[in-house]
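Please look at the sequence and the 3D structure before reading on, and keep both at hand while following the chain.

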Amino acid sequence: MNSETRLRVLGISGSLRRASFNSGLLRAAQELAPDIMEITIFDIRELPLYNGDVEAQGDPPSVIALKSAMRGADAVLFATPEYNLGTSGVLKNAVDWASRDREEGSLMGKPATIIGAGGRAGTARAQMQLQLTLAETGSLVMVKPGVQVQAFAPQQFDSEGNLLDETTKELLRGHLDEFMKWTLRLVRPGEFVGHACEMDVVRIPGQQ
Ligand SMILES: Cc1cc2nc3c(=O)[nH]c(=O)nc-3n(C[C@H](O)[C@H](O)[C@H](O)COP(=O)(O)O)c2cc1C
């Protein structure tokens with residue numbers, strides 16, 4: 001790493017709520033990130049529900065914007081709430097759209113990590129579900145050290161969803177430091193991008 005090295009990280013929150021704790025975690029991450037890391041937050045609220053017919057007519061502008069932001073980033077930082085033990089539908093939908101991009105710089109081979117704030121388990125179960133989905137997209141997900149914030153603990157967040165707790169900030173800072181190293185260590189060879197999803201590569205023997 002030299003002094004010129006810059007890491008562009010795309011931050012995506014799985015909550016559309018104005019005072020979302022997860023969006024607050026991403027804003028805190030912007031403040032706490034190592035000097036070489038710049039986190040840009042992408043708002044997924046304009047994305048339509050994934051529909052193959054819509055896709056066949058050409059990506060809507062919000063999907064083009066998502067894919068473009070993804071390609072322009074060296075890594076992706078997801079912040080997920082937990083809804084009924086899983087990630088939010090809107091975040092899964094965003095990942096599904098993004099996974100349809102097979103160009104260089106898409107989720108395939110992209111370093112990624114997940115943080116989250118929520119109930120008693122601090123989104124741990126939602127994170128596990130999202131890890132599985134991201135693994136299928138070919139993203140290279142850093143799981144440890146991990147950030148699972150119990151959002152309803154006193155003094156954790158203010159009423160606007162801004163992170164207050166200094167211990168949590170230190171945890172987040174440590175996670176981002178490790179994510180920086182993870183991203184710098186990873187090589188994204190061109191051939192990795194060439195993999196398509198399973199449905200595209202499975203061929204029935206004897207048929208074209
Ligand atoms: C539909 C729904 C389902 C939820 N399910 C869970 C759950 O399974 N486990 C949990 O810990 N919290 C659950 N919650 C609470 C949310 O995780 C919590 O409100 C969290 O703060 C939402 O994230 P946000 O602050 O970023 O909007 C649920 C909330 C909603 C609206």
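The paragraphs below follow a stretch of the chain from strand to helix to strand.

This is a predicted model, in which local features need pLDDT of at least 70 and side-chain atom pairs count only at pLDDT 80 or more, while totals for chains, interfaces and linings use all residues. Residues are numbered from 1 along each chain as its sequence is written.

A good place to begin is strand E4 (residues 111–118), where eight of the eight residues are buried, so this strand is largely enclosed by the rest of the structure. Here helices (H or I, at least four residues) and strands (E, at least two) are DSSP runs, numbered from the N terminus, and a residue is buried if 20 or more other C-beta atoms, placed from the backbone, lie within 10 Å of its own. On one side of E4 the buried residues are Pro111, Thr113, Ile115 and Ala117, and on the other they are Ala112, Ile114, Gly116 and Gly118.

Two strands pair if DSSP finds at least two bridges between them. E3 and E4 run parallel and are joined by four bridges, and Ala79 has Ile115 in E4 as its bridge partner. Between these strands the chain passes through H4, in a β-α-β crossover that is right-handed, meaning that, with the strands pointing away from the viewer, the path from the first strand over the helix to the second runs clockwise.

E4 also pairs with strand E5 (residues 140–150), in the parallel sense and over seven bridges, and Ala117 has Val149 in E5 as its bridge partner. The chain crosses from E4 to E5 through H5, and this β-α-β crossover is right-handed.

Note on methods:
A residue is buried if 20 or more other C-beta atoms lie within 10 Å of its own, exposed if 12 or fewer, and partly exposed in between; C-beta atoms are placed from the backbone.
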